[in-house]
Amino acid sequence: MRILILSDSHGNVKNMKLAAERTKPDQIIHLGDHFRDGKALKEAFPLLPVAQVIGNCDLYDFSAREGKDQLLLTLDGHRTLLTHGHRYHVKSSLLSLSYAAREAEAELCLFGHTHTPHLQQLDGLTLLNPGSIGNGDFAVAETGDGKLRCALLTL
């Protein structure tokens with residue numbers, strides 16, 4: 001399974017579509033800022049499942065009212081926490097985010113907010129921030145044979 005991970009699009013749906021066309025994913029994840037961009041991606045690729053959470057810039061967007069701050073998904077057997085990251089103050093530290101991921105028994109924790117790509121392994125927990133797709137940064141996670149592989153990419 002190939003999962004395209006996007007965050008912080010801030011209206012740049014064009015880059016989101018380019019990343020999807022380039023990676024040919026089985027699933028898309030959008031980690032907020034802007035929720036309506038994730039909705040536009042769903043319309044552009046109606047056969048692909050799109051999971052998304054709201055970000056700090058979505059607080060006053062009426063289209064984001066159906067969204068959630070975080071989601072817990074199982075992606076091909078891998079328990080995954082999705083959040084934008086602003087509520088965990090990820091610009092200062094990843095400690096509270098890693099605590100939340102461990103409490104959720106997640107193997108993979110996906111977050112955005114900082115606009116800076118980040119990939120880190122911590123004792124069985126992978127923390128991944130794809131960066132800002134508005135700037136051309138994104139990530140791909142691939143599963144198979146019970147394994148999880150993640151990569152940071154740029155358009």
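Visitor: What makes β4, β5, β6, β8 and β7 an open sheet, and where are its edges?

Guide: In this predicted model, five strands are arranged in the order β4-β5-β6-β8-β7, with mixed pairing. The edge positions belong to β4 and β7 (118–122); each has a single partner strand, so one side of each is left without a neighbour in the sheet. Averaged over the sheet and with direction ignored, neighbouring strands are turned by 20 degrees against each other.

Visitor: How do you know that β7 and β8 pair, and in which sense do they run?

Guide: Pairing requires at least two bridges between two strands. Five bridges join β7 to β8, and the two run antiparallel, so the pair meets the criterion. Within this pair, L122 has L125 in β8 as its bridge partner.

Visitor: What makes α3 a helix that packs on this sheet?

Guide: Contact means heavy atoms within 4.5 Å. On that criterion α3 touches β5, β6 (108–110), β7 and β8, and its direction makes about 130 degrees with that of β8.

Visitor: Which strands form the open sheet that contains β1, and which of them are edge strands?

Guide: Five strands in the order β3-β2-β1-β9-β10 form this open sheet, and the pairing is mixed. The edge strands are β3 and β10 (147–154), since each pairs on one side only. The average turn between neighbouring strands of this sheet, direction ignored, is 20 degrees.

Visitor: How do you know that β2 pairs with both β1 and β3?

Guide: The criterion is at least two bridges between the strands. β1 and β2 (residues 27–30) are connected in the parallel sense over four bridges, and β2 is joined to β3, also in parallel, by three. Both pairs therefore satisfy the criterion. The residue I29 illustrates the two pairings: I29 in β2 is the bridge partner of I5, and I29 stands opposite A51 in β3.

Visitor: Which helices connect these strands, and what is the handedness of the crossovers?

Guide: β1, α1 and β2 make up a β-α-β unit that is right-handed. The chain then passes from β2 through α2 to β3, and this β-α-β crossover is right-handed. Helix α1 (residues 13–23) lies across β1, β2, β9 and β10, at about 165 degrees to β1. Helix α2 (residues 35–44) lies across β1, β2 and β3, at about 175 degrees to β3.

Visitor: Why are both faces of β2 described as covered?

Guide: In a regular strand the side chains alternate between the two faces of the sheet. In β2, Q27 and I29 lie on one side, I28 and H30 lie on the other, and all are buried. Buried requires a relative accessible area under 20%; with buried residues on each side, both faces count as covered.

Visitor: Why is S132 called buried?

Guide: The threshold is a relative accessible area under 20%. S132 has 2%, so the residue is buried. S132 is placed in the loop between β8 (125–129) and β9. Leaving aside residues up to four places away in sequence, S132 touches S7, D8, H115 and D137.

Visitor: What makes the approach of S132 to D8 a polar contact?

Guide: The limit for a pair of N or O atoms is 3.5 Å. The side chain of S132 reaches the backbone oxygen of D8 at 2.8 Å, so the distance lies within that limit.

Visitor: Why is the pair R2 and E142 called a salt bridge?

Guide: A salt bridge requires a side-chain nitrogen of Lys or Arg within 4 Å of a carboxyl oxygen of Asp or Glu. For R2 and E142 the closest N and O atoms are 3.0 Å apart, so the pair qualifies. The partners come from distant parts of the chain, R2 in strand β1 (residues 2–6) and E142 in strand β9 (residues 137–144), 140 residues apart. R2 has a relative accessible area of 28% and is partly exposed; E142, at 31%, is partly exposed.

Visitor: How many salt bridges does the whole structure hold?

Guide: The search finds two. In the one between D69 and R87, the closest N and O atoms are 3.1 Å apart. D69 lies in the loop between β3 (50–52) and β4 (70–75), and R87 in the loop between β5 (78–83) and α3 (95–103), so the pair ties together parts that are 18 residues apart in sequence.

Visitor: Why are D69 and R87 called partly exposed?

Guide: Partly exposed lies between the limits of under 20% for buried and over 50% for exposed. D69 has a relative accessibility of 31% and R87 a relative accessible area of 47%, so both fall in that range.

Key:
Residues numbered from 1 in each chain as written. Predicted model: local features only at pLDDT ≥ 70, side-chain atom pairs only at ≥ 80, totals over all residues. Heavy atoms only, no water. Buried < 20%, exposed > 50% of the residue type's maximum accessible area, 1.4 Å probe, protein only. Axes fitted to C-alpha atoms, helices over the stretch in contact; angles between N-to-C directions. Polar contact = N/O pair within 3.5 Å; in protein donor to acceptor, adjacent residues only side chain to side chain. Right-handed = clockwise from strand over helix to strand, strands pointing away.
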